[in-house]
Amino acid sequence: MYHQYEHSMTFDSQGQGGVYSANASTGSSNTSSSRQQHATVKRRKSIESDGSLELRGPMEVDGSVKSGGGVAFSGNFAVRDRIEAYGDISIVGDLRCSSRIKAYGNVKIDGSALCVDRVKIFGKLKITGTFEVQGDLEVWGAITINGYLKCKSLTAYASITTVGDQSWYQTEQGEVVHGAKLIQRTNYEG
């Protein structure tokens, strides 16, 4: 498991302008008083582990993220290559992946995620927020949407459940759903 950062980028508190820090191996060269005024964006070439990973953002990964276990993303992330996990993928915050996502476990999104290429999930998909896939989405387990899902095409081998009246999904080129399509009402009085 590598945890040395290649570069660090700091932003002022309004989110304008970035400055690379001189001390990349420690993640930041700022003093403690200036750390309170700046958010540090860590930069990595790639992240690979035989076990599970717990990553905290903000972080930019120029390569891929591969894990022999699960991957937990907490914070804001930009991954320029693919994400592959043999366990679960958990996203709390924002994630942008410029390539593919493949998970052999469940995927849970609490925030927002954007994937430029296709996504393949062998477990369940649970969305609390938004998930946009600009390629094809294939899910073998149940899909639960409490928010919004958009994809080019959807193949679901189990059920799709939208939670509440404000939750929905959209496909650009169609869908194949082998299970039931369910709507769970939050204010239903039967």
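Here are some notes on the model above, which is a predicted one.

1. Cysteines first. If you were hoping for a disulfide, a search of the whole structure turns up zero. C115 is in no disulfide, and the nearest cysteine sulfur, that of C97, sits 4.6 Å away. For a pair to count, the sulfurs have to be within 2.5 Å. C115 is also buried, at 0% relative accessible area. C151 is another buried cysteine, with a value of 1%.

2. Salt bridges next. There are nine of them in the whole structure. One to look at joins the side chains of R43 and D62, with N and O 3.2 Å apart. R43 is in strand β3, while D62 is in the loop between β6 (59-61) and β7 (65-67), so this pair ties together parts that are 19 residues apart in sequence. The two ends are not equally covered: R43 is buried, at 12% relative accessibility, whereas D62 is partly exposed at 34%.

3. R80 and E60 make another salt bridge, this one at 3.8 Å from N to O. Here R80 comes from the loop between β8 (71-79) and β9, and E60 from strand β6, so the link is between parts 20 residues apart in sequence. R80 counts as partly exposed at 42% relative accessibility, and E60 as buried at 16%.

4. A further pair is E175 with K181, whose closest N and O atoms are 2.4 Å apart. E175 is partly exposed, with a relative accessible area of 30%; K181 is exposed, at 52%. As for the pairs in points 2 and 3, salt bridges with shared partners join R43, E60, D62 and R80 into one network.

5. While you have R80 on screen, find K45 too. The C-alpha atoms of K45 and R80 are 9.5 Å apart in space, with their positions 35 residues apart in sequence. K45 is in the loop between β3 (39-44) and β4 (47-49), and counts as exposed with 57% relative accessibility.

6. Now the pocket. The largest one has a volume of about 220 Å³. Its lining has plenty of charged names to click on, including R82, E84, R100, K102, R118, K120, D136 and E138. I83, I101, V119 and L137 are also in that lining. The elements giving two or more residues are β9 (83-85), β11 (101-103), β13 (119-121) and β14 (125-139). Of these, β14 gives the most, with three residues.

7. Inside, there is one cavity of 30 Å³ or more. The space in this largest cavity comes to about 30 Å³. Its lining is made up of I91, I101, V107, I109, V119, I121 and F131. Both β12 (107-115) and β13 supply at least two residues of that lining. I101 and V119 are worth a second look: they line the largest pocket and also the largest cavity.

8. Last, the surface. Y86, Y104, F122, W140 and Y157 make a nonpolar patch of about 490 Å². Y157 belongs to the loop between β15 (143-156) and β16 (160-163), and is partly exposed with a relative accessible area of 32%.

Notes:
Residues are numbered from 1 along each chain as its sequence is written. This is a predicted model: local features need pLDDT of at least 70, side-chain atom pairs count only at pLDDT 80 or more; totals for chains, interfaces and linings use all residues. Side-chain values use heavy atoms; hydrogens and water are left out. Buried means under 20% relative accessible area, exposed over 50%, partly exposed in between (1.4 Å probe, protein chains only). Helices (H or I, at least four residues) and strands (E, at least two) are DSSP runs, numbered from the N terminus. Patches are made of residues with over 30% relative accessible area and no salt bridge: like charges are joined within 9 Å, nonpolar side chains (Val, Leu, Ile, Met, Phe, Trp, Tyr) within 5 Å. Accessible areas come from the Shrake-Rupley method with a 1.4 Å probe; for residues, only the protein chains shown count as cover. A salt bridge is a side-chain nitrogen of Lys or Arg within 4 Å of a carboxyl oxygen of Asp or Glu. On a 1 Å grid over the protein atoms alone, a cavity is a set of points where a 1.4 Å probe fits but cannot get out, and a pocket is an open set with protein on both sides within 12 Å along at least five of seven lines; lining residues have an atom within 4 Å of a point. Grid points are joined across faces, edges and corners, and a volume is the space filled by probe spheres set on the points.
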